[in-house]
Amino acid sequence: MKSIDTGAVVTAAQRFAFALTVALWALAALASALLVWLLADAGSAGRNLADAAGFSVEIPRLWQSLALGAVVLAQIGILAGVIRAARAMFKALSASQPASAAHNARIVAAWLWALFLWSVAAGALGSLISTWHYPAGERALAIQFGSAQITTIVAALMASFLARAFALGAELWQDHREII
Amino acid sequence: MAIVVRLDVMLATRKMTSRDLAAQIGISEQNLSLLKSGKVRGVRFNTLEAICVALACQPGDLLEYAPET
C-alpha cells in the first residue's frame, strides 16, 4: 500500500510562507512611506487621503491629515495581522504541524473579520474627518458596503471553514502517524 | 491496551537487532520502538507482513490478546 506523500503540500506551503514574508515587507515599506509623507508634507498627504476617501479637501488641517493617516495605518496594521497569521499557518504546514496550522487559520479568520469591520469603520471615519470643516449641512458620514467588503467577508468565511478542515486534518494526520 | 506486542521476544529469538529489522522492513527505528512498546494505534497489514517475512514468523507470534481485568 502506498504511504501518503505530504511533500507536495509541504513544498507549496513553504512557497506561500515566503510570498507572504515578501508581502509583509512590502506593507512595512508602504506604512513607512506614508509616515514619511505625513511628516514631510502633511497637507499633500491629507489632501490625497481625503481624495481617496471620496471627498475634496483643498487645505486639510494638520489634525485631519494625521487622523486620515492613522486610519490608513490602522488598516495596514490589520492587513499585516492577516498576513502574519497566514504566514504562521503556512510555516506550520511546511513543518508538518497541522494542529498549529489549524490554530493559525482561526487567527487568520479573526483578523479577516477585524479587517471587514475596520474597512466599514474606516470609510465612515474617512468621510467624517474629511468633511469635518465643511459648512453645516454638507458634512458627511458615509457607510460603505461594496465589493471590497463582500470579498473580505467571503475570505473570512473561507478561513473559518479552513480552520475546521485543518483541525480535522490534524486529527487524521496524527491518526496516520500512530499507525505503523 | 488489550493487544500486547511480543516483537521484542521475536527479535531475541531470531537474534536480530531493532535497527536491522527497521532497515529490512523500511520503517524508522523510532516507529519500530513505538511498535515494540505498544504505543501505536494500529499496524498496517503490509508492515505486519514485512515483519513476518523478516522474522520468519506468524502474526500470532507477534501479537497477543490479553484482556484487561
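The following legends describe close-up views of a predicted model, covering its nonpolar cores and the interface of chain A and chain B.

**View 1. The largest nonpolar core and the helices of chain A that build it.** This core has 28 residues, and those with the most contacts inside it are Met89(A), Phe90(A), Leu93(A), Val108(A), Leu112(A) and Phe166(A). Two or more residues come from each of α1 (7-40), α3 (62-94), α4 (98-130) and α5 (147-177) of chain A, and α3(A) gives the most, with 11 residues.

**View 2. The surroundings of Phe90(A).** Once neighbours within four places in sequence are left aside, Phe90(A) is in contact with Ala13(A), Phe16(A), Ala17(A) and Leu20(A). Phe90(A) is also among the residues with the most contacts inside the largest nonpolar core.

**View 3. A second, separate core.** This core comprises 20 residues, including Leu48(B), Leu55(B), Cys57(B) and Leu62(B).

**View 4. The interface of chain A and chain B.** Six residues of chain A are in contact here with nine residues of chain B, and the two chains bury about 850 Å² between them, of which 51% lies on carbon and sulfur atoms. Eight residue pairs are in polar contact across this interface, both residues of each pair being at pLDDT 80 or more. On the side of chain A that touches chain B there are, by class, three nonpolar residues, one polar residue and two charged residues.

**View 5. A salt bridge between Arg41(B) and Asp175(A).** The closest N and O atoms of Arg41(B) and Asp175(A) lie 2.0 Å apart in the model, and the count of salt bridges between chain A and chain B is two.

Conventions
Residues are numbered from 1 along each chain as its sequence is written. Chains are lettered from A and ligands numbered from 1 in the order in which they are written. This is a predicted model: local features need pLDDT of at least 70, side-chain atom pairs count only at pLDDT 80 or more; totals for chains, interfaces and linings use all residues. Side-chain values use heavy atoms; hydrogens and water are left out. A nonpolar core is a set of buried Ala, Val, Leu, Ile, Met, Phe, Trp, Tyr and Cys residues joined through side-chain atoms within 4.5 Å. Buried means under 20% relative accessible area, exposed over 50%, partly exposed in between (1.4 Å probe, protein chains only). Helices (H or I, at least four residues) and strands (E, at least two) are DSSP runs, numbered from the N terminus. Contact means heavy atoms within 4.5 Å. Buried area is the accessible area (1.4 Å probe) that two parts lose on being put together, summed over both. A salt bridge is a side-chain nitrogen of Lys or Arg within 4 Å of a carboxyl oxygen of Asp or Glu. A polar contact is a pair of N or O atoms within 3.5 Å; within protein, one must be able to donate a hydrogen and the other to accept it, and residues adjacent in sequence count only if both atoms are side-chain atoms. Ala, Val, Leu, Ile, Met, Phe, Trp, Tyr, Cys and Pro count as nonpolar, Asp, Glu, Lys and Arg as charged, and the others, Gly among them, as polar.
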